[in-house]
Amino acid sequence: MSEQNSEMTEMGGRRNLLALLFAGFVLSGIATTVVGPMLPIFIKRWSLDDGQAGLFSTTQFLAALGGTLASSAIAAWRGYKPALVLGFALMGGGLACLNADTHGVALAATAAFGLGYGLTTPGTNLSVAELGGAKSASLLNQLNFAWGAGAMACSPLIALALKRNGLNLLLTGTAIFGGILVLGLLFASFGEQKHGKDVNGAGETSPATRLGVTIALAALFFIYVGTENGIGIWCAEYARRVANGITGMTTLAPMFFYAGLTSGRGAAPLVLRHLHERKLVLGALSLLAAATALLIASRSLPVATGAVFLAGLGCASVYPIYIAWLSRWYGARAKKFGGILFALASLGGSTGTGLIGAVSQYSGSLRIGLLVPLVCALIMIGLVLLLRRRTEA
């Protein structure tokens, strides 16, 4: 009887932990995307040029890079909890101070919540992957659905807050939300995590093969986040140029991208019941490439908006499955090695966005700049095909 009670208590603890992690990813979705809709406010308030405005995104992702690297060391030393607690505290504090009166304080706030979600992203994803076991890909898609819900809600929430002069109230609310998460995680039990077979300890593959798998997976993390962030950040400006001016639809263009991302992640667990992970990734990346090509070719706002939605749908299931592969292939080593891959993902987020801008600046056309995510989608298709034997396992 006592064993049964112990099992029920453990199951309840896991459900509570999952609820906190899912709620935390909603806040993370807001923090990751909040710079986009806030940027026009900053540009107007301090008369920033494009280079100065771009510093917010660079600061955000460089801080996130530092956070993901630190999370790996913290997780290896004390487990996931300390990094998660510190990360959500920084995230809430940074968001609370984002609408500052001075440029420097707003940049510092951006660095704080960037560092915060950098600290929380590896631990949240890997904890959920371990709890999900054989169904980790489905559970990770649900987790990242929660992230997408926060990202999708961010732009309309800020637009509504600006309309009602309640931006500070909204940002304070996100800070309170972060504080609640911190308190919940302080009392949550992470328990003993079970790991699958460690690919690096498997005898059937040579060191060269294992190194090749590692490099390919690292490249997928780096390229994917650069692609997703590049489209998500630049789609509003692209829509503005297609429409020849700022409208409500151009401002909400990122919402359509994250709507596609979120709806796709919501549907992915059902699709994965009937379709292998590798086939789903290849189909999703093909859709992403086709949607990006349509976006580049678009000459009207409805077509561009539809292409942005399809691009988000193509991105939807890709990253959660990459994380599931990381947890499954590396087992216990994922806690240590994952921080490096998530750091590469953060670096990719900064690099991809900047590369689109640089190509656009050099060529004089944002359409040409958007060839960057198209090429990235094709490269990822090639890498997944190269990993065919591993992904079929």
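**View 1. Gly-123 sits in helix 5, which spans residues 103–132.** This close-up, like the others here, comes from a predicted model. Is Gly-123 buried or exposed? Its relative accessibility is 6%, so Gly-123 counts as buried, the cut-off for that class being under 20%. If neighbours within four places in sequence are set aside, Gly-123 is in contact with Tyr-80 and Leu-84. For a sense of scale, take Ala-216 as a second landmark: the C-alpha atoms of Gly-123 and Ala-216 are 22 Å apart in space, and the two residues are separated by 93 residues in sequence.

**View 2. Arg-265 and Glu-228 pair up through their side chains in a salt bridge.** Look for the N to O distance of 3.8 Å between them; the cut-off for a salt bridge is within 4 Å. Which parts of the chain does this pair tie together? Arg-265 belongs to helix 10 (residues 253–271) and Glu-228 to helix 8 (residues 207–243), so the salt bridge links parts that lie 37 residues apart in sequence. Both partners can be checked for burial, too. Arg-265 has a relative accessibility of 1% and therefore counts as buried. Glu-228, at 6% relative accessibility, also counts as buried.

**View 3. Arg-240 and Glu-237 form a salt bridge within helix 8.** Here the closest N and O atoms are 2.6 Å apart. The two residues are 3 residues apart, about one turn of the helix. Arg-240 counts as partly exposed, with a relative accessibility of 28%. How does Glu-237 count, and at what relative accessibility? Glu-237 comes out at 22%, so it counts as partly exposed; buried would need a value under 20%.

**View 4. Arg-241 also forms a salt bridge with Glu-237.** In this pair the closest N and O atoms are 2.7 Å apart. Arg-241 and Glu-237 both lie in helix 8, with a spacing of 4 residues, about one turn of the helix. Arg-241 has a relative accessible area of 40% and is partly exposed. Which residues do the shared partners join into one network? The members are Glu-237, Arg-240 and Arg-241, joined by salt bridges that share partners. To place these views in context, the count for the model comes to 4 salt bridges, including the Arg-265 and Glu-228 pair of View 2.

Definitions and conventions: Residues numbered from 1 in each chain as written. Predicted model: local features only at pLDDT ≥ 70, side-chain atom pairs only at ≥ 80, totals over all residues. Heavy atoms only, no water. Buried < 20%, exposed > 50% of the residue type's maximum accessible area, 1.4 Å probe, protein only. Contact = heavy atoms within 4.5 Å.
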